[in-house]
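Trainee: I should be grateful for a close look at one part of this model, the small open sheet, and at what may be said of the nonpolar cores and of one helix besides.

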Amino acid sequence: MSKQLQNIKVRLDESLDEKLRLLEPNYSSYRILRKSVDARKRNELHEVYSLEVFYPGEDTSAPDYPVEKINYDGKPILIVGSGPAGLFAALRLVERGVPCILFERGAPTNQRMIKINRYWRYGELDTDNNVCFGEGGAGLYSDGKLITRIKSPYIPYVMHRLVKFGAPEEIQYLANPHVGSDRIRRVIPKLRDYLIENGCTIHFNAKVEELLTSNNKMTGLKLRDGRVFEGDHIILATGHSANDMFYHLNDLGVAMEGKSFAVGLRVEHPQKAVNEIQYRGHAEHPKLGAANYKLTHHDYSDNIGVYSFCMCPGGYVLSSATDVGSIVSNGMSNYHRNSPFANSAIVISVDYQKNFGSNPFHGLDWRNKLEKDAFDAVIKAGGTKQLPAQRLTDFIKGKTGPLTEKNSSPSDGIATRVDLLLPDWIRTRLIEAFHKFDDSMKGFLHKDAQVFGVESRTSCPIRISRDDTTLESLSHKGLYPCGEGAGYAGGITSAAVDGIKIVEAILKT
Ligand SMILES: Cc1cc2nc3c(=O)[nH]c(=O)nc-3n(C[C@H](O)[C@H](O)[C@H](O)COP(=O)(O)OP(=O)(O)OC[C@H]3O[C@@H](n4cnc5c(N)ncnc54)[C@H](O)[C@@H]3O)c2cc1C
């Protein structure tokens, strides 16, 4: 019988196979169940494994998370948005044998990428094809970190299917699974082809402008080009940047509420400096790769937290606005995490009630203003398409100064008072946190660290209210708010899981 071994520690100069031969001399093969790097003691780094060990003659096949087909004779289920939530909803439906139609406002991956490159290079923003919109959603240009704080039995299914469509196998066992933007862009088209071959119709360049209702029940939807599609189940997975959809839902009287979120900026360091701080003498060890960090500073007197978010070792700072006249920063990395820079959002939690009261749109309006002010500052500084940038040390001192010689952003940066783009209470908290971060990660206040603004799309400031069990809108029958834009996910994996949960909830009714 195969046997599970937990907590096997392997030093950087050891090999797992040799260690295992000592522990289990008769094993024939093994499957890694979990792998992490323990870097808590920076001079004694080691890898930690959990394994399933097999002996001669045993069945070594891995679980493949099969899904049972059902008999379904209703209308096709309509899905709006092809981010991780919409795509995984479609995949689950197809695997269940249920017909569905997916609508995406943007273009397929390759065409979308051309438009994004034009934005980074010339500042020409396409409001349907950008870092957040188009096939694959925000997930397509994401860093591809698949770690999530949610607990769900669907997580192994999501990882398995991503691997099936070309993601690296190790995402099934790494403690910090990561696909990388370059590899995600190869996975999504394969997933799309599979969906089409198996009963999902996909319409690209098909912006849904109206949800059609009768007596607060969904009856279908209307596209920008006037085409109408009938359906009594609509999975709405439009992401956290589809402002126009939120306003449309408000016009329909769909139940929504404000939701706490986070804003701040993105900080970039030379990766070499982060490796040296985190790994010391092991900094360039080939088993380790680009080092990351996780930092938090919590002020218990008023319960406000500042924390690092979406850290991208070996990554790139991206300009990722969706609206003309706005600027938003974000980050990504490729599979090999081999750019010479490390970036991370540093954000502060913004309590909804305390800051905006009960109007669900005040948070969104405030976010829009931050992004517009950032754009205006760039224009004022003589820029066109650059991100507002400032050295970290200048941010702290509240002064302008020359930028670092190089940065990772394909849009480049332009010297701007990033500190003035954020309200006083946020700026002072950030400065306090930067000093604390330098205490716990000596060298964080590096002379060549630079900040970019504004990091405003970490999560959605609105939640579309839904029933905890049926996952249906509280106000409209047949409407299923899904994923990050609906306020029920905070990343690729949780959005994908939400798509699956919605499908299972619909099929139960
Ligand atoms: C640069 C960047 C890096 C990120 N890095 C990570 C990371 O490393 N790990 C992680 O977990 N998360 C990351 N995220 C966040 C992650 O991408 C999102 O949490 C996730 O994509 C949310 O999935 P979703 O399906 O809910 O929405 P989205 O991915 O936002 O997808 C929404 C889709 O709906 C479409 N749409 C919108 N309106 C309409 C309409 N009216 N009609 C038709 N279609 C419409 C959009 O075009 C889009 O394709 C990153 C995000 C960005 C922008």
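Mentor: In this predicted model, three strands make up an open sheet, in the order β7-β8-β9 and with antiparallel pairing. Its edges are β7 (208–214) and β9 (228–230), each of which pairs on one side only. From one strand to the next, the twist averages 25 degrees. Three bridges join β8 (residues 217–223) to β9 in the antiparallel sense. Across this pairing, Leu221 has Phe229 of β9 as its bridge partner.

We turn next to the nonpolar cores. The largest has 119 residues, and those with the most contacts inside it are Ile79, Ala89, Ala90, Ile234, Ile235 and Cys482. At least three residues of this core come from each of domain 2 (77–258 + 462–508) and domain 3 (261–455). Cys482 deserves a closer look: beyond its neighbours within four places in sequence, Cys482 is in contact with Ala85, Ala89, Ile235, Leu236, Ala237, Tyr488, Asp498, Gly499 and Ile502. A second core, separate from the largest, has seven residues, among them Val274, Tyr279, Phe341 and Ala342.

The helix to consider is α4, which spans residues 155–164 and has Tyr157, Val158, Met159, Arg161 and Leu162 as its buried residues. An α-helix has 3.6 residues a turn, so residues three or four places apart point the same way. The cover over the buried residues of α4 includes α2 (84–96), α5 (181–197) and α12 (492–508). After α4 comes Gly166, with a positive phi near 120 degrees.

Conventions:
Residues are numbered from 1 along each chain as its sequence is written. This is a predicted model: local features need pLDDT of at least 70, side-chain atom pairs count only at pLDDT 80 or more; totals for chains, interfaces and linings use all residues. A residue is buried if 20 or more other C-beta atoms lie within 10 Å of its own, exposed if 12 or fewer, and partly exposed in between; C-beta atoms are placed from the backbone. Helices (H or I, at least four residues) and strands (E, at least two) are DSSP runs, numbered from the N terminus. Two residues are in contact if their C-beta atoms, placed from the backbone, lie within 7 Å. Two strands pair if DSSP finds at least two bridges between them. Axes are lines fitted to C-alpha atoms, for helices over the stretch in contact, and angles run from 0 to 180 degrees between N-to-C directions. A nonpolar core is a set of buried Ala, Val, Leu, Ile, Met, Phe, Trp, Tyr and Cys residues joined through C-beta atoms within 7 Å. Domain bounds come from an automatic or database domain assignment.
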